[in-house]
Amino acid sequence: MNRKQLVEQIFTKRSFLCVGLDTDIKKIPEHLKNEEHPIFSFNKAIIDATASYCVSYKPNLAFYESMGVKGIVAFEKTIAYLKENYPQHFIIADAKRGDIGNTSAMYARTFFEEYRLDALTVAPYMGEDSVTPFLEYKDKWVILLALTSNKGSQDFQLTTSTDGERLFEKVIRISQQWGNEQNMMYVVGATQGSMFETVRKYAPNHFLLVPGVGAQGGSLQEVCKYGMTKECGLLINSSRGIIYASNGRDFAQAAKEKAQALHLQMSDLLDML
Ligand code: OMP
């Protein structure tokens, strides 16, 4: 999906919500655990319940890889289900990859050719040649970690070099020599609040993937106040806050209500543009 199509989806659906499919077998409702494919059954119900309120899904690979072959099968079934039934949704593999060039090229092949997903989260730490193999694919996206939502973002990302520039600022500035607004987004945590103002100085038009609303306590309003652009420019992710809204038989309905509530707020925020 290219940028124009993504923006169209956002304004048509009045939503910039990305539902995180961080499905943990220990957290899914008991009654699903007897099914042949419990993780997939859970995801399918969550997807059907939330698809009208979001434009994107983000399965985090850690949750699937932690279950070995069964988890990978669940991941593949989930992707196939999304592609067949909801082809307009933007699918992000959250895998935070990045390695020497020929290894990155294999990661790119995995997510863009084998799974045919739209986007992949990538760590910038190994530099240009670790990121550019992902950028060789037309209409595919690198989502580069810039300023993450966790406390540890202070350890490196917020440190300042002698020229006065912080590491996350350098990442955003220099990476713009590798990719552009059509094939690169940045991860900025919702918990970073007014720091979005600084991010927008460095990347005024890039899309930002913003996790941290919901379970991590980030504020949607604050993110939008400082981070929203004329084309919206934001994909807001919530995982646990939606998918584990209930662990009873009503889990899909509860997830739907959480997604619906975010959709309503997002629709109002888009009206203000
Ligand atoms: P919840 O906190 O449950 O909404 O999940 C957040 C999701 O976003 C998880 O899959 C995290 O791995 C991911 N994430 C962050 O929470 N913080 C970041 O800074 C970056 C990511 C990410 O790259 O998506």
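This text walks through the barrel, two of its helices and two pockets. The model is predicted.

Start with the annotated span. UniProt, in an unreviewed entry, lists residues 16-255 as "domain: Orotidine 5'-phosphate decarboxylase". Over that stretch, helix accounts for 37% of the chain and strand for 18%. The C-alpha atoms at its two ends are 16 Å apart.

Now the sheet. Eight strands form a closed barrel in the order E1-E2-E3-E4-E5-E6-E7-E8. The pairing is parallel. On average, neighbouring strands of this sheet are turned by 30° against each other, direction ignored.

One pair serves as an example. Strand E6 covers residues 184-188, and strand E7 covers residues 208-211. The two pair in the parallel sense over two bridges. Tyrosine 186 has leucine 208 in E7 as its bridge partner.

Next, the helices. Helix H2 spans residues 38-50 and lies across strands E1 (17-21) and E2 (56-59). H2 runs at about 170° to E1. Helix H7, residues 167-175, lies across strand E5 (141-147) and E6. Its angle to E5 is about 155°.

Turn to the pockets. The largest pocket holds about 410 Å³ of space. Its lining has 26 residues, and the closest to the pocket centre are Asp22, Lys58, Ser149, Pro211 and Gln216. Which elements each supply at least two residues of this lining? They are strand E3 (90-97), E7, strand E8 (234-238) and helix H10 (240-243). Pro211, one of the residues closest to the centre, falls within the 208-211 range of E7. By class, the lining of the largest pocket has 11 polar, eight nonpolar and seven charged residues.

The second largest pocket holds about 360 Å³ of space. Here 18 residues make up the lining, and Pro124, Tyr125, Gln157, Leu167 and Val171 are the closest to the centre. Two or more lining residues come from each of E5 and H7. Which element gives the most? H7 does, with five residues. This is the helix that lies across E5 and E6. The class count for the second largest pocket is 11 nonpolar, five polar and two charged residues.

To retrace the path: the strands close into a barrel. H2 lies across E1 and E2, and H7 across E5 and E6. E7 and E8 are among the elements that line the largest pocket, while E5 and H7 contribute to the second largest.

Definitions and conventions: Residues are numbered from 1 along each chain as its sequence is written. This is a predicted model: local features need pLDDT of at least 70, side-chain atom pairs count only at pLDDT 80 or more; totals for chains, interfaces and linings use all residues. Side-chain values use heavy atoms; hydrogens and water are left out. Two strands pair if DSSP finds at least two bridges between them. Helices (H or I, at least four residues) and strands (E, at least two) are DSSP runs, numbered from the N terminus. Axes are lines fitted to C-alpha atoms, for helices over the stretch in contact, and angles run from 0 to 180 degrees between N-to-C directions. Contact means heavy atoms within 4.5 Å. On a 1 Å grid over the protein atoms alone, a cavity is a set of points where a 1.4 Å probe fits but cannot get out, and a pocket is an open set with protein on both sides within 12 Å along at least five of seven lines; lining residues have an atom within 4 Å of a point. Grid points are joined across faces, edges and corners, and a volume is the space filled by probe spheres set on the points. Ala, Val, Leu, Ile, Met, Phe, Trp, Tyr, Cys and Pro count as nonpolar, Asp, Glu, Lys and Arg as charged, and the others, Gly among them, as polar. UniProt positions are given in the numbering used here, feature names are shortened, and annotations may be inferred rather than shown by experiment.
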